Amino acid sequence: MKALCWHGKKDVRYDDVPDPRIEEPRDAIVKVTSCAICGSDLHLYDGFMMGMESGDILGHEFMGEVVEVGAADHRLKVGDRVVVPFTICCGECEQCRRGNFSVCERSNRNKGLADKMFGHATAGLFGYTHLTGGYAGGQAEYVRVPFADVAPVKITNGLTDDQVLFLGDILPTGWQAAVQCDIQPTDTVAIWGAGPVGQFAIRAAVLLGAKQVVVIDNVPERLGMAEAGGATTINFDHESVVERLNDLTAGKGPEKCIDAVGMEAHATRSLDSLYDRAKQAIMLETDRPHVLREMIYVCRPAGTLSVPGVYGGLIDKLPFGALMNKGLTLRTGQTHVNRWTDDLLRRIEEGQLDPSFVITHTVALEDGPEMYKTFRDKKDGCIKVVLKP
Amino acid sequence: MNAYRPATNAARRHRAIRATARGIGWLSIGVGVAELLMPRTLAGAAGLRGREGIVRACGVREIVTGIGILAVRRPGPWMWARVAGDALDFATVGSRVGRRGNGSLALAAIAGAAVLDAGCASAIDRIERRGKPPMRNYSDRRGLPLPPTAMRGAALKDFEMPADMATPALLAPWPPTALSP
């Protein structure tokens, strides 16, 4: 079959690879009908995430048709149409029973490696480094889905791929980012990053009743889409984020802050960003935490910071004194996708939200390598790329 | 399907220019390190004997501009900073030509570097100017069935806040009364 494979920094290729096969009784094989490039795939593309090996199949946002099921998978059958969450979960361990699916205790088959890196392993993820299991990803014609009797979301209605594809990652990620802010009707929610997760976080914050939603970015097209969703926008190339946020909140700062940027912040005009880039260039720091620093600084005391943006390793000069003295609550983590999928699917069916608004580019899978670059460079108004195998 | 554009000659040219800029960035760091570690040798070669402090300062400048070029996505300003540095070097070495050392050779090397730096900086500027196609307009991409003002709080009628994600009781309003909007 054909798949997009990682071969090194900025080197993604459309390769011939062996077809996947059933390896465990609870597996299923899914023929991919739509997949997407996620912002967190760019961390792999840019070479900032550890644990990738040449030839790894990329992709953790995908959906398709079940073409084969293992003997112990009594939930799926051949022909089912499914969206597959990016987190692989067993459904039986202590964390899964608590709904903490992204930290499933059994699905990461490289537990020893992850234990060394993070202290304790997190869940297996599709197409996302050997630290999270080294599972083949979904930017391919076929995918093996482990524990397929647990996470895949069956689509039994007439909704299109474009409407439901993002149930596997970025829609629940934006939703969880807003939910874990516990938004109150008096709250201002500030969201750093108007990429796909930021766009969904904006809609989630509006639907969950925020008084005011403010988004921070410097890409005009993304700010335009954010305004359409109800956000007040701040272009950090043109104005001071801290001053404007204070202006918008009577000098008190936003109660809730969401980091939808993660480890590759691009605020090149700020001194701390230059410092991060210099340290990153000489390998003394893995991530650029400009957004975390700014959130901690500007957030209202006793406020909440929600971090769906992906961080991979070590950060420097984090103002933990401000975080502690202001009594901020910090909520992080990969998304517990299956906590939200039933609820969000119902909202899509009822017309409360149409996630397809975020798609700006739809291309064939073979064009994926070029689209990684377009997406990475934010060229051609690119916000979300959907690939069709 | 929309918007896919295969790599063009222009795209390949852009990549070559950016690769040249990266090469200059690494070269700048290398020269800077040499100027910091061997100021006496380099000062002698450039006819600046006795002015090792200036050579070290130039080394710091070279390292800073080199890191700047490598670290940012749009290195044009850092390339122009190098051109300004080249002019400064030219003036400094030029003022000492005729005294001891290979001042003329050093001047020629600086001039060569300046031409390369200025050429690369200009090429990057041209890319930046040309590389901005008309902005796409996504102002109609609401994703919501009604204007956001009408959708505010729409999910709350049937959304149950998970207890483990609610604001810790310690930080909730006290006394625990409902907040009014």
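**Two sheets and a shared interface**

In this predicted model, six strands of chain A form an open sheet in the order β13-β12-β11-β14-β15-β16, with parallel pairing. Strands here are DSSP runs of E with at least two residues, helices are runs of H or I with at least four, and both are numbered from the N terminus. Two strands count as paired if DSSP finds at least two bridges between them. At the edges stand β13 (232–235) and β16 (329–332) of chain A, each with a single partner strand, so one side of each has no neighbour in the sheet. On average, neighbouring strands of this sheet are turned by 20 degrees against each other, direction ignored.

Take one pair from this sheet: β14 (residues 256–259) and β15 (residues 304–307) of chain A run parallel and are joined by three bridges. Lys256(A) sits opposite Thr304(A) of β15(A). Helix α8 (residues 241–248) of chain A lies across β11 (188–192), β12 (212–217) and β13 of chain A, at about 160 degrees to β13(A). Such angles run from 0 to 180 degrees between N-to-C directions, with axes fitted as lines to C-alpha atoms, for helices over the stretch in contact.

Chain A also has an open sheet of three strands, ordered β2-β1-β4, and here the pairing is antiparallel. Its edge strands, β2 (12–16) and β4 (56–57) of chain A, each pair on one side only. Five bridges link β1 (residues 2–6) of chain A to β2(A), and Leu4(A) stands opposite Tyr14(A) in β2(A). Packed on this sheet is α13(A), which touches β1 and β2 of chain A and makes about 165 degrees with β2(A).

Now for the meeting of the two chains. Contact (heavy atoms within 4.5 Å) takes in 62 residues from chain A and 42 residues from chain B. Together the chains bury about 4,500 Å², 57% of it on carbon and sulfur atoms; buried area is the accessible area (1.4 Å probe) that two parts lose on being put together, summed over both. Four salt bridges are counted between chain A and chain B, each a side-chain nitrogen of Lys or Arg within 4 Å of a carboxyl oxygen of Asp or Glu. One salt bridge joins the side chains of Asp158(B) and Arg347(A) (3.1 Å, N to O).

A note on conventions: residues are numbered from 1 along each chain as its sequence is written, and chains are lettered from A and ligands numbered from 1 in the order in which they are written. Local features need pLDDT of at least 70, side-chain atom pairs count only at pLDDT 80 or more, and totals for chains, interfaces and linings use all residues, while side-chain values use heavy atoms, leaving out hydrogens and water.
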